[in-house]
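Q: I have a chain open here and want to go through it bit by bit. Can we start with the overall numbers and then look at a few places?
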Amino acid sequence: MAKIKVVVVDDSALVRSLLAEIINRQPDMSCVGAASDPLVAREMIRELNPDVITLDVEMPRMDGLEFLSRLMRLRPMPVVMVSTLTEQGAETTLRALEMGAVDFVAKPRIGVSSGLNELAGDIVDKIRTAAAAHVKRLAAPPVHATAPAAGGGVSQAPRAALPRVSTEKIICIGASTGGTEAIREVLVPMPADAPAIVITQHMPPGFTTSFANRLNTLCRIRVAEARDGERILPGHAYIAPGGRHLRIDRSGSNYVAVVEDTEPVNRHRPSVEVLFKSAARVLGPNALGIMLTGMGADGATAMREMKDAGSYNYVQDEASCVVFGMPRMAIQHGAAHEVLPLKQIANAVLTRLASAPAGVRHRI
């Protein structure tokens with residue numbers, strides 16, 4: 001089998017050397033080139049035709065986002081961003097994912113050598129995932145973009161409010177690689193009075209605050225990182241903080257968020273398995289499950305437990321996934337009621353909520 005050809009683009013000679021060494025230690029990949037800036041990288045890509053590139057966010061002569069934007073319009077290919085663990089780095093990384101980068105690696109600001117070597121397994125896993133990802137051409141930006149409405153949400157055509165039939169329903173979403181944009185696609189159409197939404201997206205510490213804030217400016221519902229012990233309310237979406245599990249529990253007649261630092265599950269923290277297992281146990285038929293794009297099998301068995309407990313489940317189809325791993329495994333476990341293209345999931349959920357009987361209130 002041919003090796004995965006990787007070009008490393010980073011202005012730091014140390015980082016280029018370290019990443020090349022990490023890549024070349026793998027039997028299934030090879031660093032075929034290392035560029036100090038995007039202009040050099042452009043020529044390397046033409047000459048070497050790599051399968052994946054790693055791209056530093058902050059670059060000389062042309063910043064990483066500008067280079068990524070041109071690349072994804074003219075020659076779409078799998079890109080793994082290399083980001084710094086700062087608020088600005090997180091914002092830039094989210095913009096890169098929006099432009100079509102497959103995933104990102106968060107490099108430390110100090111102790112770069114030891115830090116990158118500690119992340120070696122994660123780095124090469126993300127390169128392998130990127131090599132198999134479905135990458136799409138970035139469309140040109142619209143001439144007249146929709147301006148944000150006062151108060152946070154975007155201006156959109158009004159949607160009729162849902163009938164007051166299921167205030168106890170909670171939508172549970174799991175996602176990994178490609179999930180930041182998939183989650184946005186599901187959340188933006190939700191009306192202000194939508195049922196509560198609880199989300200686990202595989203993401204390290206330092207990035208979920210920016211992710212939640214970004215979604216909150218786009219959505220009519222309120223989006224924030226989950227806080228331990230807070231009540232889960234309609235019209236709100238709660239995102240698992242990076243590096244911490246999120247599950248649902250009951251306090252009297254209310255549902256509450258539990259945020260905890262317990263051991264990783266399926267190598268992940270936060271883990272979709274943790275969220276979905278709690279939904280099966282606590283919500284039962286009051287849950288709606290959604291499995292979006294992602295590598296691996298995290299959450300697949302727990303989503304089947306949700307189905308067995310009475311949840312109705314949606315799974316993203318292969319054609320619209322960046323990586324058809326977690327959705328494939330959910331389908332194989334018999335967890336899906338419907339397998340849909342990403343753009344149809346929100347409408348399907350809203351249609352079901354509008355026609356479903358009222359949620360079941362648990363007796364405590």
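Q: How much area does the chain expose, and what share do carbon and sulfur atoms supply?
A: The chain exposes about 15900 Å², and carbon and sulfur atoms supply 52% of it. Accessible areas come from the Shrake-Rupley method with a 1.4 Å probe, and for residues only the protein chains shown count as cover. This is a predicted model, where local features need pLDDT of at least 70 and side-chain atom pairs count only at pLDDT 80 or more, while totals for chains, interfaces and linings use all residues. Residues are numbered from 1 along each chain as its sequence is written, and side-chain values use heavy atoms, with hydrogens and water left out.

Q: What percentage of the residues count as buried?
A: Of the 364 residues, 53% count as buried. Buried means under 20% relative accessible area, exposed over 50%, and partly exposed in between (1.4 Å probe, protein chains only).

Q: How many helices and strands?
A: The chain has 12 helices and 14 strands. They are DSSP runs numbered from the N terminus: helices are H or I with at least four residues, strands are E with at least two.

Q: And what share of the contacts comes from residues 24 or more positions apart?
A: Among contacts with a separation of 6 or more, 73% are between residues 24 or more positions apart. Contact means heavy atoms within 4.5 Å.

Q: OK, α2 next. Which of its residues are buried?
A: In α2 (residues 38–48) they are Pro 38, Ala 41, Met 44 and Ile 45. These cover an arc of only 110 degrees around the axis, so they sit on the same side of α2. The arc is that of the directions from the helix axis to the C-beta atoms.

Q: What covers them, and what is on the face turned away?
A: The cover includes β1 (4–9), β2 (29–35), β3 (52–56) and α3 (64–74). The face turned away from the buried side carries the exposed residues Arg 46 and Glu 47.

Q: Switching to pockets. How much space lies in the second largest one?
A: About 1100 Å³. On a 1 Å grid over the protein atoms alone, a pocket is an open set of points where a 1.4 Å probe fits, with protein on both sides within 12 Å along at least five of seven lines; lining residues have an atom within 4 Å of a point.

Q: Which residues lie nearest its centre?
A: Asp 122, Lys 126, His 202, Arg 267 and His 268, out of 37 lining residues. The elements that give two or more residues to this lining are β5 (103–107), α6 (120–131) and α7 (179–187). The largest share, 6 residues, comes from α6.

Q: Arg 267 is on that list. Is it buried or exposed?
A: Arg 267 counts as exposed because its relative accessibility is 72%. Arg 267 lies in the loop between β11 (254–260) and α9 (272–283), and has a positive phi near 75 degrees.

Q: What else is in that loop?
A: Asn 266 is there too, with a positive phi of about 55 degrees although it is not a glycine. Asn 266 is partly exposed, at 41% relative accessible area. Pro 270 is also in this loop, and the peptide bond from Arg 269 to Pro 270 is cis, with omega near 10 degrees. Most residues other than glycine have a negative phi, and most peptide bonds are trans.

Definitions and conventions
Points joined across faces, edges and corners; volume = space filled by probe spheres on them.
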